[in-house]
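Q: Could you take me through the largest pocket of this protein, and then show me how the parts of the chain around it are placed? I work at the bench, so a plain walk from residue to residue would suit me well.

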Amino acid sequence: MSSEQKSAPETTEAAEPRPRRLTYAAALAGLEGAALVIGGVWILVLGLTGDPDDRQQAVTGGITLAVLALLPLLAARGLLLRRSWSRGPAVITQIMALPVAYNLLKADSMAIPGGIALAVVAIAALVLLVNSATTQALGIKGPGRAE
């Protein structure tokens with residue numbers, strides 16, 4: 001079977017271009033994923049080369065952050081490719097980011113600007129992800145609208 005005869009992808013690529021809102025949502029999810037990878041690698045390197053209170057906890061935390069980065073990175077790729085499944089992981093990522101942002105905002109430290117930035121990104125991404133143009137571009141139908 002040639003590559004032209006293979007079955008169509010999960011969602012059909014529409015003739016119209018990808019909405020900017022969908023591209024922006026993918027960019028924000030990718031940004032969050034990249035930040036998690038960078039943070040995880042940073043913690044891992046500090047845990048291995050520095051003098052942490054608990055080396056095992058630092059290494060575990062770094063690996064956990066790097067693995068958690070897979071969710072928003074896969075969601076960002078799916079959004080760019082207009083896959084309908086990708087909106088769920090992207091929304092979950094934003095919902096998980098909101099309590100983290102809240103805890104950063106409650107801190108009496110330099111973490112407050114990070115909390116503000118994370119809250120802004122998470123709320124903006126949620127608004128973009130639930131937008132009707134985004135759901136239409138992903139081929140998501142509402143309840144009772146299945147063909």
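A: Happy to help; we will begin with the chain as a whole, go on to the pocket, and then visit some residues on the helices around it.

Please keep in mind that this is a predicted model. The chain is built from six helices and has zero strands. Read from the N terminus, the order of elements is simply α-α-α-α-α-α. Of its 147 residues, 29% count as buried.

Now to the part you asked about. The largest pocket has a volume of about 490 Å³. Its lining is made up of 18 residues, and those nearest the centre are Glu32, Ala35, Leu36, Val100 and Leu118. Four elements each give two or more residues to this lining: helix H1 (20-49), helix H2 (55-68), helix H4 (87-106) and helix H5 (111-129). Which of them gives the most? That is H5, with six residues. As for chemistry, the lining divides into 14 nonpolar residues, three polar ones and one charged one.

With those helices in mind, let us see how some of their residues are placed, starting with H4 and H5. Alanine 97 sits in helix H4. This alanine 97 counts as buried because its relative accessibility is 9%, and the cut-off for buried is under 20%. Its C-alpha lies 6.3 Å from that of alanine 122, although 25 residues separate alanine 97 and alanine 122 in sequence. A second pair to look at is alanine 117 and alanine 101, which are 16 residues apart along the chain and have their C-alpha atoms separated by 8.1 Å. Alanine 117 belongs to helix H5. Is alanine 117 buried, or partly exposed? With a relative accessible area of 43%, alanine 117 is partly exposed, since that class runs between the 20% limit for buried and the 50% limit for exposed.

Helix H1 offers two more residues to look at. One is isoleucine 43, which is found in H1. Isoleucine 43 and glycine 62 are 19 residues apart in sequence, yet their C-alpha atoms are 4.9 Å apart in space. At 33% relative accessibility, isoleucine 43 counts as partly exposed. The other is leucine 22, also placed in helix H1. Leucine 22 has a relative accessible area of 0%, so it is buried. Leucine 22 also pairs up with a residue far along the sequence: alanine 133 is 111 residues away in sequence, and the C-alpha to C-alpha distance is 7.9 Å.

Turning to the surface, you will find a nonpolar patch of about 480 Å², made by Ile63, Val67, Leu70, Leu74 and Trp85. H2 and helix H3 (70-80) are the elements that give two or more residues to this patch. H2, then, gives two or more residues to the patch and also two or more to the lining of the largest pocket. Within the patch, isoleucine 63 is found in helix H2. Its relative accessibility is 44%, so isoleucine 63 counts as partly exposed; a residue needs over 30% to be part of a patch.

One last stop is the loop between H3 and H4, where arginine 82 lies. What stands out about the backbone of arginine 82? Its phi is near 60°, a positive value in a residue other than glycine. Most residues other than glycine have a negative phi. Arginine 82 is also buried, because its relative accessible area is 3%.

To come back to your pocket: H1, H2, H4 and H5 each bring two or more residues to its lining, and 14 of the lining residues are nonpolar.

Conventions:
Residues numbered from 1 in each chain as written. Predicted model: local features only at pLDDT ≥ 70, side-chain atom pairs only at ≥ 80, totals over all residues. Heavy atoms only, no water. 1 Å grid on protein atoms, 1.4 Å probe; cavity = no way out; pocket = protein on both sides within 12 Å on 5 of 7 lines; lining within 4 Å. Points joined across faces, edges and corners; volume = space filled by probe spheres on them. Nonpolar A, V, L, I, M, F, W, Y, C, P; charged D, E, K, R; others polar. Patch = residues over 30% accessible without salt bridge, like charges linked within 9 Å, V, L, I, M, F, W, Y side chains within 5 Å. Areas by Shrake-Rupley, 256 points an atom, 1.4 Å probe, with all protein chains shown as cover. Salt bridge = Lys/Arg side-chain N within 4 Å of Asp/Glu carboxyl O. Buried < 20%, exposed > 50% of the residue type's maximum accessible area, 1.4 Å probe, protein only.
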